[in-house]
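The following exercises concern one protein chain. Each task is followed by a solution in steps.

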Amino acid sequence: MELKKDSNAVSIDMLLIVHSEKRHAAQGAHSDRQADPGAPPQRRGGLQGVGNGIRRWQKLERNDLHGTQLTVEVHPQDAMPQLLKKFSLAKRLQGDKNGNTRARQPGGKDAHAYPWDRSSLKSMPLDLRQFEKLDTYASQVTVKSGLDALVSDLLQEAHSDLERVRAIWIWICHHIEYDIEAAQEKDRQAFKPTTILQTQKTNCDGYAGLFERMCRIAGVQCMTVPGYSKGFGYQPGQSFSGEFDHAWNAVFLEGRWHLVDSTWGSGLVDSTTSKFTFLYNEFYFLTHPALFIEDHFPDNKNWQLLKPPQSLRQFENNMYHKSEFYNKGMLSAHPQTSVIKTVNGKVTVTIESCAPTLFMFMLNGKQEHGLLSLRKNGMKLDVYPPTVGTHKLQIFAKGNSEIYSSVLEYTLKCHYADIDVRLPAELHQPVGPSWFSEQMGITKPSHPEPVIYTSDGRCSISFGVEEGISVLASLHGDDGPVTEETQRRYIFQLQREKRTELKVQLPHAGKFALKIFVKKRQEPGNYVFVFNYLLCCTNSKVKWPVFPESFGNWGQDNELLEPLSGVLPANHNVPFKLKLHGVAKALVKGQDTWPLTLNREGYWEGSCNTAGCQEVYVMVLENANHNFYSYILKYKVNAQ
């Protein structure tokens with residue numbers, strides 16, 4: 001048997017079975033080491049030097065059926081005999097006809113069905129809570145001497161093959177940094193375990209080689225698997241050929257092969273700075289093969305562990321769901337190809353998730369040219385590329401964390417751009433009410449769909465509002481008179497019992513974003529954006545003025561029936577009708593003052609003449625014992 005050296009260390013494990021029919025030959029070769037067949041098993045021969053500083057332990061055992069079994073374990077000089085005494089490979093490695101040990105190749109019982117059945121992200125049942133203590137321990141182990149000693153320390157808290165593999169995985173993912181320079185220069189020295197332990201840096205070959213070596217020391221079958229990957233620098237739809245660009249591992253646990261990638265489990269490389277950051281990723285530990293194939297294509301199809309296996313062409317064309325897609329609870333996405341062609345200038349993407357999730361998107365790096373609506377279990381996104389050509393679409397999900405993570409990336413091929421579908425630049429995401437707006441205190445909307453069409457440029461939108469919640473709305477368009485000063489003047493907000501009504505008048509035909517904000521009245525801070533509607537009007541005759549300007553004393557339960565236009569005609573008698581709560585007196589003030597009277601239905605009524613004035617105010621006296629009137633509404637008067 002050839003001994004393969006790595007630096008000055010040698011580590012092999014050898015099992016020699018001496019059958020009964022060969023006992024005489026064995027006795028002839030070792031005449032000074034004969035064992036009494038009736039004697040109990042015992043260690044024989046003590047410690048003997050073998051070769052260059054290697055020590056050997058021999059154990060002679062009785063086997064009533066097959067004769068005497070002789071186990072020879074050869075280790076480096078600083079190896080610990082109790083290590084392999086505890087984790088013997090005898091039960092884990094197969095022997096060929098010459099008695100040499102080898103890992104079993106993957107077969108039919110290792111294969112998982114494709115496509116993914118949504119049962120689990122893992123290839124075997126796991127409760128990650130069982131690893132909490134082990135993970136904490138393994139992540140804190142430090143290198144004291146060699147690799148054998150490190151593995152020995154790691155396995156102090158591991159009591160099964162699964163736990164041994166887990167401890168090794170956690171240590172590598174938390175201590176070994178991806179060496180970008182070595183990866184680019186293809187530095188073979190960076191692959192060696194001894195070098196990795198010294199620098200604590202390596203490339204993917206080094207990660208895989210170190211993981212395999214440590215597993216073998218721990219007595220677990222492990223293989224390094226080379227292949228293609230959709231990793232750093234991958235572009236959707238690209239083809240793969242030539243030299244393999246990645247390596248990962250397969251480990252044999254509980255009678256079956258499983259897949260791990262400690263390189264991608266340890267962190268990520270920033271695409272802009274090309275710097276590595278430790279960011280542990282649980283997804284690549286014992287990943288379900290039907291998910292692993294999305295970004296890992298092995299040189300040997302058997303290592304896909306799939307039935308049926310996928311072709312390289314399928315690997316290239318299939319949609320690449322990033323690990324965060326599954327980490328954040330996504331289940332599926334449509335289309336299932338990474339390159340999409342527009343149909344009539346439009347592309348639709350849908351995602352199904354196992355729980356309500358917040359999403360956002362970027363087209364060519366900007367949150368524009370799309371309508372994203374949230375669903376109870378997923379989202380729908382309609383994208384309208386503004387120009388003919390190739391576009392990059394990224395989709396992000398929030399999940400349980402406060403950070404949006406990239407989960408999908410598409411390449412859009414647009415052969416026709418529909419200029420009539422230009423969306424307002426201020427149209428933010430999401431569009432339309434959803435579970436999120438309900439969570440923020442807005443319920444039972446009159447318009448559940450994200451887009452509202454109006455033929456005359458006016459609409460009325462209402463929804464329930466939870467107690468203690470204040471609502472704010474603003475209108476935004478790309479053209480015309482809607483400015484920062486007037487964006488709230490085309491909306492008049494009314495409160496009726498526990499529902500808020502928004503009366504909207506559009507200044508002209510076109511598309512507008514109606515933004516909805518909320519705030520808890522008793523809490524400090526600003527209003528928070530919740531969602532918006534897209535308002536559409538094609539009537540070119542539409543030209544509505546602003547509503548009257550309201551002031552802070554305009555109560556939420558007040559109601560304005562007339563005049564709704566914020567601009568009054570000059571030299572006219574204008575009727576007023578309002579419902580005002582909690583006031584003692586009300587009047588309209590222009591050039592002169594006109595009192596309003598309270599009728600039987602609870603409305604304050606009256607009229608004023610606009611002659612000789614530029615502005616008209618509605619004023620109220622809240623306390624009959626006071627003489628101070630407050631402004632609640634302001635109108636402008638057209639120039640003569």
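**Exercise 1.** Determine which exposed residues are carried by the face of helix 3 turned away from its buried side, and which residues of helix 3 are buried.

*Solution.* Step 1: the face turned away from the buried side of helix 3 carries the exposed residues E132, K133 and Q140. Here exposed means over 50% relative accessible area, buried under 20%, and partly exposed in between (1.4 Å probe, protein chains only). Helices (H or I, at least four residues) and strands (E, at least two) are DSSP runs, numbered from the N terminus. The model is predicted: local features need pLDDT of at least 70, side-chain atom pairs count only at pLDDT 80 or more, and totals for chains, interfaces and linings use all residues. Residues are numbered from 1 along each chain as its sequence is written, and side-chain values use heavy atoms, with hydrogens and water left out.

Step 2: helix 3 spans residues 132–140, and its buried residues are L134, D135 and A138. Seen down the axis of helix 3, these buried residues fall within an arc of 100 degrees, so they line one face of the helix. The arc is that of the directions from the helix axis to the C-beta atoms.

Step 3: the cover over the buried residues of helix 3 includes helix 4 (147–154) and helix 5 (161–175).

**Exercise 2.** Describe the open sheet that contains strand 18, beginning with the strand order.

*Solution.* Step 1: four strands form this open sheet in the order 18-20-23-22, with antiparallel pairing. Two strands pair if DSSP finds at least two bridges between them.

Step 2: strand 18 (330–334) and strand 22 (370–375) stand at the edges with a single partner strand each, so one side of each has no neighbour in the sheet. From one strand to the next, the twist averages 15 degrees; axes are lines fitted to C-alpha atoms, for helices over the stretch in contact, and angles run from 0 to 180 degrees between N-to-C directions.

Step 3: strand 18 and strand 20 (residues 347–353) run antiparallel and are joined by four bridges. The bridge partner of A333 in strand 20 is I351.

**Exercise 3.** Locate I395 in its strand pairing, and state which residues touch the most other members of the largest nonpolar core.

*Solution.* Step 1: strand 24 (residues 389–397) and strand 25 (residues 405–414) pair in the antiparallel sense over nine bridges. In strand 25, L408 is the bridge partner of I395.

Step 2: the largest nonpolar core has 121 residues, of which I395 and L535 touch the most other members. Helix 5 gives the most to this core, with nine residues. A nonpolar core is a set of buried Ala, Val, Leu, Ile, Met, Phe, Trp, Tyr and Cys residues joined through side-chain atoms within 4.5 Å.

Step 3: leaving aside neighbours within four places in sequence, L535 is in contact (heavy atoms within 4.5 Å) with residues including I452, C459, V504 and F512. Another core, of 24 residues, lies apart from the largest one and has W554, L568, V574 and F576 among its residues.

**Exercise 4.** Is V618 buried or exposed, and how far is V618 from F576?

*Solution.* Step 1: V618 lies in strand 41 (residues 615–621). At 0% relative accessibility, V618 counts as buried.

Step 2: V618 and F576 are 42 residues apart in sequence and 9.3 Å apart in space, C-alpha to C-alpha. Not counting residues up to four places away in sequence, V618 touches F576 as well as others including L587, Y631 and L633.
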